[in-house]
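Here are my notes after a first pass through this one. Have a look at the structure, then read on.

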Amino acid sequence: MSKAFYVTTPIYYVNDVPHIGHAYTTVIADFLARFHRLDGFDTYFLTGTDEHGEKIYQAAHGAGIDPQQFCDRISQRFRDAWQVLDISHDDFIRTTEERHKAVVRRILEAVHAAGDIYYDEYEGLYCVGCERFLTDKELVNGQCPDHLRAPERRREGNYFFRMEKYRDWLRGYIRDNPDFVRPTGYRNEVLALLGEPIGDLSISRPKGRVPWGIELPWDAEHVAYVWVDALINYTSALGFPDDARYRAYWPVAQHLIGKDILKPHAVFWPTVLKAAGVPLYQHLNVGGFLKGHDDEQKMSKSLGNVIDPFEMAEKYGTDAVRYYLLKDTVYGQDSSIGEQFLVERYNADLANDLGNLLSRVRALLTRHTDGVLPSPSQQEADEELIATGTALVGQVRSLVGRLRIFEALETVMQFVRQLNRYFNDEAPWKLAKDPDGRERLGTVLYNIAEGLRIVSVLLEPAMPSKARQVRTDLGLEDYTFADLEAWGQAAPGTKIPPEADILFPKSETGKPKRQTPQTPPKKEAPQVEQISIEDFSKVQLRVAEVKAAEKVEGADRLLKLTLDLGDETRTVVGGIAQWYQPEDLPGRKVILVANLKPAKLRGIVSEGMILAAEDGDGNLVLVGPDQDIATGAEVH
Ligand code: ME8
C-alpha cells in the first residue's frame, strides 16, 4: 500500500473520567480512520491517556490511592468507553509505559545536546487545570478562562527550553504551510501569538514538589514537565526512531485536538521537534467545544454541565450517538448539543429517511421478486439517480479531506432523500399491480438497493454497525470506496434475508411512534372563515417550557403538563399521550394559547392549550420555537 494515514487524539488526563468532549474528538478521529481504511490508506489510529503531572498526582492523593493504581483504573475506563463507542484505534498509549518513557528521555537528550536547555529560577502564574504557566493576557478577570479559577503565583528552579529562539522560524513555517494548522481561524490565532515574544518554556518540575513524572536524563532531581512528556506520545507510540511504523506514519501525522490545547500543540510541540532534529507533523486539526444548549462554557465535569455519551449510547444506540456528534456539529466551531436534538436527528435522518426506505424496499422485494435482487434495465428516468450516486464518493472524499464532515454526511443524506423521491415518483407498489409493470418494478427496486449499497459504505465510518446492517439486510457483503464509482455492483440474483430487525426503531427513542411524516392527503378544502388581524390579536400565544408531564389516570389520550411561563406556572391537559411519552417532554419549549378560558378535563383544571400540528391521518406533532428563546416570550 502506498498511501498512509496517521491520526491521533489528545491523550486524555486520567484525573477525569471519559465524557462527551473526549468522546467527540475520539469519534471524529475514528470516523477519519475508518474513512481512510475504506479508501485504501494504510491507516494507524492512536489514542491513549496522559498520566503524569501535578494534577494527576493530586487526584490520586485525593482518592487516597497510589498514583499508578489510580492511573490504571481510570485509563481502563477510557478503554472501556472507546469499546462502547466502537472506536477502532490501533494503539492505546499510556505515558506511564516504559516504551513512552524511553522516547521522552531520548528526545529531551537530543534537545539538551543541541544546547537548547538551561537552568533558571522562574516566577509566574500557574494553572494546575491547564498544567502550565499562563500569561497575563490569557487571563479573564484574573482567572483561567477554561477552569474558572485564579492561577497560583509560583517561583521555582526549572530547566528551560529556548523556545523563543525558534519563534521566527515557526512563524515562517506556518505562513508557508497554510494547512499546517487548520481551520484557518486557529492558524491566524497561532500567527498572532507568534507575532510577539513567546519566551522560553519551562520543561521540568523539581521532584520535591511533583514526584510523579519522568526523571530528566541529566538531573534525576527533576521530572519532565507534563506537557513535554505528553506531546512526545505521538512519536513514542510509533516506536521512534527506528520502528517501521515511525517511518511509515510519522511523515503523514495528523493530530486532532480541541481548541483548549492549541498552544502546546502549535507552539511547544513543533519547536521541541525542530530542536530535537525531528521532522514536524503534517497537520494540526483543531476542533471547537461542545456546549450544553444554553451554556457559554465548554462542557466539562468540573463545570458540571456534562451530557453522558455512554448513557445516550445505551438509550439510542452507539451509531446514533456517533452520527449525531458528526452530523450536528461543525468541525472547528463550537456547537451546542442536547439530547432533544439527538432525538430529532435520529428520527428525521435515521429512522425516517434511511430506515424506512430500507424497510419499504425490502418489503417490496420480498413480496414481488421472491426476495431476489432483480436484473435492471435502466431508462432515461434513472440517469439522474445513477449520475448522483456514482459521483457521491468523489464529493464525499473531497469534503472529508477538508474536514467538512457534517457536509459530507449531509451530501450522503441528500442522496438518501433523492432515493426516497425516486421511490415515491416511480411508485413501485403501483407497478406491482400492473401486469406490464414487472420489468420496471424490478429496475426501480434494484436501483434503490444499489443506491443503499453506496450509501451504506459511505456511512460506515460514521455508523459502522448500522451501515453493515443495511447491506446485510439486502444480502450484500462489504465493499470499499473503490467499489462505489460504478453503478450496478450489487449483483442481480442476490437473495435478501427473509427477516430483518428494524434498522432504527422509533420506539427506542421513547418518542412518538409516528410513521414517516408524509404530506397529508389532499382533502376537499374546508370552508374556512376569514378573521381580521384584530380577531387574531385577541389570542395570546406564549412560549412555555414543560417542567413536568404525567399521564392522566383513566384517559389514554391525555397528558397533564406543568408549564413554566417565566412569570407563572400553569397546568394544561393536552390530548397528546398517543404521540409523546411523559418523560420526553420536560425541558421542551411549546407554544401555549395563554388566554383560553380554563376548562375542567377529568377533574383537572386546564389553564390554556398547547399547539400541535395534525396530518391527514390524525397524527399530532407539537409546535415549538425554531430556536431557543426565553420562556414566556410572546408569539405574534
Ligand atoms: O488536555 N468539547 O487532556 P484532557 C469538545 N492531557 N472537546 C472537548 C471538550 C468539550 N467540551 N472537553 C474536552 C489534555 N474535550 C491533555 C492532552 S495531548 C498530548 C495532552 C476534548 O483530558 C478536546 O479534544 O483535558 C480537548 O482538547 C481534550 O478533550 C482535552 O482532554
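1. Let's start with a side chain to click on: Tyr118. Keep in mind that this is a predicted model. Tyr118 comes out as partly exposed, with a relative accessible area of 23%. Phe160, on the other hand, is buried, at a relative accessible area of 4%.

2. Now put those two residues together, as one case from a count of 27 aromatic pairs. The ring centres of Tyr118 and Phe160 are 5.6 Å apart and the planes meet at 20°, so the pair is stacked; the cut-off for stacking is planes under 30 degrees apart. Tyr118 belongs to strand S5 (residues 117–127) and Phe160 to strand S7 (residues 152–161), so this pair ties together parts that lie 42 residues apart in sequence.

3. The next pair has another geometry. Tyr173 and Phe180 have ring centres 5.0 Å apart with planes at 80°, so they count as edge-to-face, given that the angle for that label is over 60. Tyr173 is partly exposed, with a relative accessible area of 26%, while Phe180 is buried at 1%.

4. Tyr173 and Phe180 also turn up in a cluster. Ring pairs link them with Phe161, Tyr166, Trp169 and Tyr281. If you are colouring residues as you go, those six names are worth a selection of their own.

5. Which charged side chains lie over a ring face? Arg453 lies over the face of Tyr479, 4.5 Å from the ring centre. Lys466 does so with Phe504, at 5.1 Å from the ring centre.

6. Moving on to strand S20 (residues 589–593): is it mostly covered or open? Mostly covered, as 5 of its 5 residues are buried. In a regular strand, side chains alternate between the two faces of the sheet. In S20, Lys589, Ile591 and Val593 point one way, Val590 and Leu592 point the other way, and all are buried. Note that a lysine, Lys589, is on that buried list.

7. Which strands pair with S20? One is S17 (residues 541–552), which runs antiparallel to S20 over 5 bridges. Here Val543 stands opposite Ile591 of S20. Another is S23 (residues 609–610), also paired with S20 in the antiparallel sense, over 2 bridges. On that side, Val593 stands opposite Met609 in S23. Both Ile591 and Val593 are among the S20 residues that point one way from the strand.

Definitions and conventions
Residues numbered from 1 in each chain as written. Predicted model: local features only at pLDDT ≥ 70, side-chain atom pairs only at ≥ 80, totals over all residues. Heavy atoms only, no water. Phe/Tyr/Trp six-rings, centres within 6.5 Å; stacked < 30°, edge-to-face > 60°. Helix = DSSP H or I, 4+ residues; strand = E, 2+ residues; numbered from the N terminus. Buried < 20%, exposed > 50% of the residue type's maximum accessible area, 1.4 Å probe, protein only. Lys NZ or Arg CZ within 6 Å of the ring centre and 35° of its normal. Pairing = 2+ DSSP bridges.
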